[in-house]
Amino acid sequence: MNSWIVQANPQKWLIDWFLDEYIKANPNHEDWWLIEKQYLKDISPGDCVYVWKAKSEPPHNKDKAKDYFLRLKSIARTRLVAGIFAIGEIRTFPKPWRAPLWNDERFRKYRIGCPWKKLTPEDYWVLCTYTENRARNPLLQETIWEKLGQSTKTDLGRFKNGRRGRKLVKLESGEADVINSLLANRKP
């Protein structure tokens, strides 16, 4: 079994709000994530995926920014933070992109823009479910970098510098072990 990490940027996807509101009310919800072609043979159902929230300014859309800050205040978070906000499980083998997967209310509420308009049949995706919601007690990036070191020679370090967006990046087993040990000491 492999471990993966994927980034959600608050200027495009309000992941902590989505987790704290939508996923809390719909815990069996399936979501989709893009994957790099180089990983097509490596990813399979049952793999673990860590959902990383980027340390970024909130959306430029004034209405969504106002709602987003109200949401942060409601969960007692006043500063912008980055780190692991959820853990998920891959549910499917990779599938080629054919058409928009969903165009429902949750995307209009939590997403900024429509990124799938740029996708082609050359892009692949997988379905996943959120198995652990950490929106209220995320594993912060400072803790992870301190434990792993500031090395950019690991996939997690390259992920940090590359800002991969909604695409999964494969973690080395040692990186996943460090993240799991840090998560074991924290309540979700």
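# A walk from the loop after strand E2

Ser-44 sits in the loop between strand E2 and strand E3 (48-53); helices (H or I, at least four residues) and strands (E, at least two) are DSSP runs numbered from the N terminus. The model is predicted, so local features need pLDDT of at least 70 and side-chain atom pairs count only at pLDDT 80 or more, whereas totals for chains, interfaces and linings use all residues. Residues are numbered from 1 along each chain as its sequence is written, and side-chain values use heavy atoms, with hydrogens and water left out.

Because its relative accessibility is 23%, Ser-44 counts as partly exposed; buried means under 20% relative accessible area, exposed over 50%, and partly exposed in between (1.4 Å probe, protein chains only). Leaving aside neighbours within four places in sequence, the contacts of Ser-44 are Ile-90, Thr-92 and Phe-93, where contact means heavy atoms within 4.5 Å. Phe-93 is 49 residues from Ser-44 along the chain, yet their C-alpha atoms are separated by 5.1 Å.

The loop between E2 and E3 also holds Asp-47. With a relative accessibility of 1%, Asp-47 counts as buried. Which residues surround Asp-47, apart from those within four places in sequence? The chain start supplies Met-1, and Asn-2, Trp-4, Asp-42, Gly-88, Glu-89 and Ile-90 are also in contact with Asp-47. Two of these neighbours take part in polar contacts with the side chain of Asp-47. The backbone nitrogen of Asn-2 is 3.1 Å from a polar atom of that side chain, and the side chain of Trp-4 makes a polar contact of 3.0 Å with the Asp-47 side chain. A polar contact is a pair of N or O atoms within 3.5 Å; within protein, one must be able to donate a hydrogen and the other to accept it, and residues adjacent in sequence count only if both atoms are side-chain atoms. Elsewhere in the sequence, Cys-128 is 81 residues from Asp-47, with 9.3 Å between the C-alpha atoms.

On the other side of the loop is strand E2 (residues 30-35), which includes Ile-35. A relative accessibility of 3% is why Ile-35 counts as buried. Not counting residues up to four places away in sequence, Ile-35 touches Leu-40, Ile-43, Pro-94, Tyr-124, Trp-125, Val-126 and Leu-168. Val-6 is 29 residues from Ile-35 in sequence, and the C-alpha atoms of the two are 9.2 Å apart.

In the other direction, past E3, Ala-54 lies in the loop that leads to helix H2 (62-74). Ala-54 counts as buried because its relative accessibility is 5%. Beyond residues up to four places away in sequence, Ala-54 touches Gln-7, Ala-8, Asn-9 and Pro-10, as well as Val-81 and Ala-82. Of these, Val-81 is 27 residues from Ala-54 in sequence and 7.5 Å from it, C-alpha to C-alpha.

Another buried aspartate is Asp-16, at 1% relative accessibility. Asp-16 belongs to helix H1 (residues 15-25). What does the side chain of Asp-16 make a polar contact with? The partner is the side chain of Lys-53, at 3.3 Å.

The next feature is a helix pair. Two packed helices are described by the angle between their axes and by the distance between the axes. Helix H4 (residues 141-148) and helix H6 (residues 173-184) have axes that come within 10 Å and cross at roughly 130 degrees. That angle makes H4 oblique to H6; under 35 degrees is roughly parallel, over 145 roughly antiparallel, 65 to 115 roughly perpendicular, and the rest oblique. Axes are lines fitted to C-alpha atoms, for helices over the stretch in contact, with angles from 0 to 180 degrees between N-to-C directions. On the H4 side, Thr-143, Ile-144, Lys-147 and Leu-148 meet Glu-175, Val-178 and Leu-182 of H6.

These pieces belong to a chain with six helices and eight strands. From the N terminus on, the order is β-α-β-β-α-β-β-α-β-β-α-α-β-α. The chain has 188 residues, of which 47% count as buried. Among contacts between residues at least 6 apart in sequence, 89% join residues at least 24 apart.
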